[in-house]
Amino acid sequence: MYYRLKVDYALRGYRGATCILVNRRNGTHKLLAPPVFRVLMLADGVSPLKLSDLTKDEQNHLKSMIENGIVTASDSPDEIEEAQRYRLFDNRFVKAIMWSLTGRCNFRCRHCYLDSPDSVWHELTTAEAMNVIDQMAECGVLSVHLTGGEPLVRPDFWKIVDRLCEKNIHIGTIYSNAWLIDDALLDQLESRGLKPEFSISFDGLGWHDWMRGVPGAEKHTLEVMEKCVKRGFMVNAAISLHRGSAGTLRDTFLKLREIGVPKAKVGGVQPTDLWLKNNEGNLISDEEYLKIVLDYIPHYYEDGRPLFIHFGNVAILHPEPEKYKVTALRYPDSPESEDMYLCSSARFSGYIAPDGRLLPCLPMTACAEQEIFPMIAEIGLKQALTDSVYMQFIDRRVRDLMKVNDQCSVCPHKYVCGGGCRANALFSSCDLMGCDKLQCFLFENDYPARIRETIEKAIKAHCL
């Protein structure tokens, strides 16, 4: 009998993670135990395999893989593709990279990290962008999320997409303001067998045009989101919350449900220089942001849990009531949490700025400290992912913060908080190893308990 790894799958290994099964169609992965991985290595489609040659456990692993659609059995040989064969990469494992293809934009948003449309960022040429993609492939990057600025304004957008496809790098999400998304663009994606998720900015009913600086943007954005949903593309709404739009939050979520959008991520607007100049009195404090969240929670359950909502750094409200989460509670409340990674979100991901600088995340582009991180053109992506200031940051643990941050080291919430978000710390403390003042405010005022109590009270009232 011949056993063959199905065409959607490939075998990969990296420093510190040598046994990974990759789904090439959707960019997901699974870390496997060596005995299970050994069975997959045998499923090359051309090596005859007798079950008697396997241990009982290995036979069970093989049976499970067949049942789960990972391996197929055949009486005749059928060799797997070369790209499916095991490859070991000499760098750390990176599941996904968010890549700002440009700092330019066709909107005039009041709060942009990259200060678009008049971006001062150097933009990679087509040849330089192709080289970055080739380096991603040589480092085994599984998935890329395309953002900007507005990624669709690049005239070579389809060349970039085609090179990613050629290198078997999955395109997970396209972040867009929706202005340039139409049937022709969706047709182009589908003709390539692509069905990326669209993360579309939408800043509240009656406020979107004001925030984005383009008349008619709100109407167009809602129409595009509905179009994408009807054509089978996953859509999530990215909402920048401010004082003006707070009162429209409930109606905004109901409208999103009406047009079929299943997810929304909401965050208070970070105090970028641009936002500080252009907010017209709509800047909100941490206390205001948290009050808006607490006030909305009962409406979520009254309205039948309209969609999945992630309030950044605070809570996740889930259509299945028992799956809600207080995200401010990052780690177990025990000393063992000092061994956790300081930035767990960036551990297996990264962000490439328009000029080719590798950063832990996009918000860091708005801070001067981003200049300490490596330029791919200067040291190469492999070295950046192996031995660089970037890796020094990625490898930091909570205990490293406690050593240099006196306030965090004596805080009674230090284990469960873990120091909070490093990008938030840069904005609120101007220090990469400073305090995330939103987290400080949360715990000092017992918000995690208040959020949980509010959610559970609403569930009891409306879901049980």
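1. In this predicted model, Gly260 follows directly after helix H8 and adopts a positive phi of about 95 degrees. Helix H8 itself spans residues 249-258, and its buried residues are Leu249, Thr252, Phe253 and Leu256. Viewed along the axis of H8, these buried residues fall within an arc of 95 degrees, so they line one face of the helix. The cover over the buried residues of H8 includes H7, strand S11 (235-241), strand S12 (263-268), H10 and strand S13 (308-311).

2. Phe253 of H8 merits separate mention. Neighbours within four places in sequence aside, Phe253 is in contact with Ile239, Ala264, Val266, Tyr296, Pro306, Leu307, Ile309 and Phe311. The largest nonpolar core holds 99 residues, of which Trp99, Phe253, Leu256 and Phe311 touch the most other members. Helix H10 (residues 286-302) supplies the largest share of this core, nine residues. Another core, of 19 residues, lies apart from it and has Tyr9, Leu11, Ala43 and Leu49 among its members.

3. Two further helices may be considered for their buried faces. In helix H5 (residues 183-191), Leu185, Leu186 and Leu189 are buried. The arc they cover around the axis is only 100 degrees, which puts them on the same side of H5. The buried residues of H5 pack against helix H4 (157-166), strand S9 (170-176), strand S10 (197-201) and helix H7 (217-230).

4. In helix H1 (residues 34-42), the buried residues are Val36, Phe37, Val39 and Leu40. Their arc around the axis is only 155 degrees, which places them on the same side of H1. Strand S1 (2-5), strand S2 (9-15), strand S3 (17-23), helix H2 (56-67) and strand S5 (71-74) are included in what covers these buried residues of H1.

5. Helix H18 (residues 437-444) packs with helix H19 (residues 447-462) at an angle of about 70 degrees, the axes being 6 Å apart. At that angle H18 is roughly perpendicular to H19, because angles of 65 to 115 degrees count as such. Phe441, Leu442 and Phe443 of H18 and Tyr447, Pro448 and Ile451 of H19 make the contact. By residue class, the contact of H18 with H19 comprises six nonpolar, no polar and no charged residues.

6. The loop between H18 and H19 contains Asp446. This residue has a positive phi of about 60 degrees although it is not a glycine. With a relative accessible area of 46%, Asp446 is partly exposed.

7. Glu280, in the loop between helix H9 (273-278) and H10, likewise has a positive phi, of about 50 degrees, and is not a glycine. Its relative accessibility is 59%, so Glu280 counts as exposed, the cut-off being over 50%.

8. The backbone also merits inspection at Gly148 and Gly149: the peptide bond from Gly148 to Gly149 is cis, with omega near 15 degrees. Gly149 is located in the loop between strand S8 (143-147) and H4.

9. Met364 is a loop residue, found between strand S16 (358-359) and helix H11 (376-379). Its relative accessibility is 2%, and Met364 therefore counts as buried, for which the limit is under 20%. Neighbours within four places in sequence aside, Met364 is in contact with Leu359, Gln370, Phe373, Phe393, Arg422, Ala423, Leu426 and Leu432. Met364 and Tyr351 lie 13 residues apart in sequence, with a C-alpha to C-alpha separation of 9.5 Å.

Definitions and conventions. Residues numbered from 1 in each chain as written. Predicted model: local features only at pLDDT ≥ 70, side-chain atom pairs only at ≥ 80, totals over all residues. Heavy atoms only, no water. Helix = DSSP H or I, 4+ residues; strand = E, 2+ residues; numbered from the N terminus. Buried < 20%, exposed > 50% of the residue type's maximum accessible area, 1.4 Å probe, protein only. Contact = heavy atoms within 4.5 Å. Core = buried A, V, L, I, M, F, W, Y, C linked by side-chain atoms within 4.5 Å. Axes fitted to C-alpha atoms, helices over the stretch in contact; angles between N-to-C directions. Parallel < 35°, antiparallel > 145°, perpendicular 65-115°, else oblique. Nonpolar A, V, L, I, M, F, W, Y, C, P; charged D, E, K, R; others polar. Arc of directions from axis to C-beta.
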